[in-house]
Amino acid sequence: MVSYIDIMKTTLLSISISIFILFFLNVSGYAKPIRLEDFNWGMTLLEVEAHAADKNYTLSEKEITGLKPHLEYETHLHGNECVITFFFTPLGQKLYSAKVVWESSAYGSLVKSILMKEYKYPREEMPAANMYIWTRKNTEMELRYGFEETTLTYSNLDLWNEFKDEKDLIEEREKEAGE
């Protein structure tokens, strides 16, 4: 015969397992770092350029010197034509940020729903300003829309700090050299 205590133990164990499973299913959107498609943070400028060519992106601007090396492409993302600019650290030329711009502000709500499915709720929401920020594993994504365009900016916070340090070092060297 099964006792009341055995039934309670089984019930509590079942409830605990269910809560554990639900918790990890809900947290899965928070566990993965944010990145733009299959471009990895820290890729070199040459690696991004080759990868973009493989994806048939159309290069529209290339700046490989100065404080803000970048590559700009015309392509499609989330089903709509856009411009993607990849930003690199000035000395190491590592990918630290990318900015996607769609010319339609109306596209922002669709992009937001796509991001909500993949990354769940943003860390910060400003609905009146149509601005949403997601942060995961030291990566960040900011969606803004309204007026004339929709912008989605991706950043790796460690590499962004590396960009800042390299930029400061270059500016300091230029100042010392009297440039």
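Glu49 is buried, at a relative accessible area of 19%. The cut-off for buried is under 20%, so Glu49 falls on the buried side of it. This is a predicted model, and that applies to everything I say about it.

Glu49 has a salt-bridge partner, Lys62, with the closest N and O atoms 2.8 Å apart. That pair links distant parts of the chain, since Glu49 sits in helix 2 and Lys62 in strand 1, 13 residues apart. Lys62 counts as partly exposed, at 42% relative accessibility. So a buried acid is paired here with a partly exposed lysine.

Let me step back to the whole chain. There are four helices and eight strands. Along the sequence the pattern reads α-α-β-β-β-β-α-β-β-β-β-α. The chain has 179 residues, and 32% of them are buried. Take the contacts between residues at least 6 apart in sequence: 48% of those join residues at least 24 apart.

On confidence, the mean pLDDT is 87, and 83% of residues reach 70 or more. The part to treat with caution is residues 15-29, where pLDDT stays under 50. For that stretch the model has five contacts beyond four places in sequence.

Now the sheet. How are the strands ordered? The sheet is open, has eight strands, and runs 1-2-3-4-8-7-6-5 with antiparallel pairing. Strand 1, residues 58-63, and strand 5, residues 124-126, are the edges, each pairing on one side only. Neighbouring strands are turned by 15° against each other on average, direction ignored.

Helix 2, residues 45-54, packs on this sheet and touches strands 1, 2, 3 and 4. Its direction makes about 25° with that of strand 2. Helix 4, residues 157-177, lies across strands 3, 4, 7 and 8. Against strand 8, helix 4 runs at about 85°.

Strand 3 deserves a closer look. Strand 2, residues 70-77, and strand 3, residues 80-88, pair in the antiparallel sense over eight bridges. One example is Leu71, whose bridge partner in strand 3 is Phe86.

Two residues of strand 3 are worth pointing at. The first I will take is Thr85, which is found in that strand. Is Thr85 buried or exposed? Thr85 is buried, with a relative accessible area of 10%. Its side chain makes a polar contact of 3.2 Å with the side chain of Glu72. Leaving aside residues up to four places away in sequence, Thr85 touches His70, Leu71, Glu72, Ser97, Ala98 and Lys99.

The other is Phe88, also in strand 3. Phe88 counts as buried, at 0% relative accessibility. Which residues does Phe88 touch, not counting those up to four places away in sequence? Among them are Met43, Thr44, Leu45 and Val48, then Pro69, His70 and Leu71, and also Lys94, Leu95, Tyr96 and Phe163. Phe88 and Met43 are 45 residues apart in sequence, and their C-alpha atoms are 8.9 Å apart in space.

Lys94 brings me back to salt bridges. A search of the whole structure finds eight of them. In one, Lys94 pairs with Glu162, with the closest N and O atoms 3.0 Å apart. Here Lys94 is in the loop between strand 3 and strand 4, while Glu162 is in helix 4, 68 residues away in sequence. Both ends are partly exposed: Lys94 at 30% relative accessibility and Glu162 at 25%.

Another salt bridge joins the side chains of Glu37 and Lys55, at 3.8 Å from N to O. Why does this pair tie together separate parts of the chain? Glu37 lies in the loop between helix 1 and helix 2, and Lys55 in the loop between helix 2 and strand 1, so the pair joins parts that are 18 residues apart in sequence. Glu37 is partly exposed, with a relative accessible area of 34%, and Lys55 is partly exposed as well, at 28%. Glu37 and Lys55 also belong to a network with Asp38, joined by salt bridges that share partners.

To finish, back to where I started: Glu49 in helix 2 and Lys62 in strand 1, with the acid at 19% relative accessible area.

Technical notes:
Residues numbered from 1 in each chain as written. Predicted model: local features only at pLDDT ≥ 70, side-chain atom pairs only at ≥ 80, totals over all residues. Heavy atoms only, no water. pLDDT = per-residue confidence, 0-100. Contact = heavy atoms within 4.5 Å. Pairing = 2+ DSSP bridges. Axes fitted to C-alpha atoms, helices over the stretch in contact; angles between N-to-C directions. Buried < 20%, exposed > 50% of the residue type's maximum accessible area, 1.4 Å probe, protein only. Polar contact = N/O pair within 3.5 Å; in protein donor to acceptor, adjacent residues only side chain to side chain. Salt bridge = Lys/Arg side-chain N within 4 Å of Asp/Glu carboxyl O.
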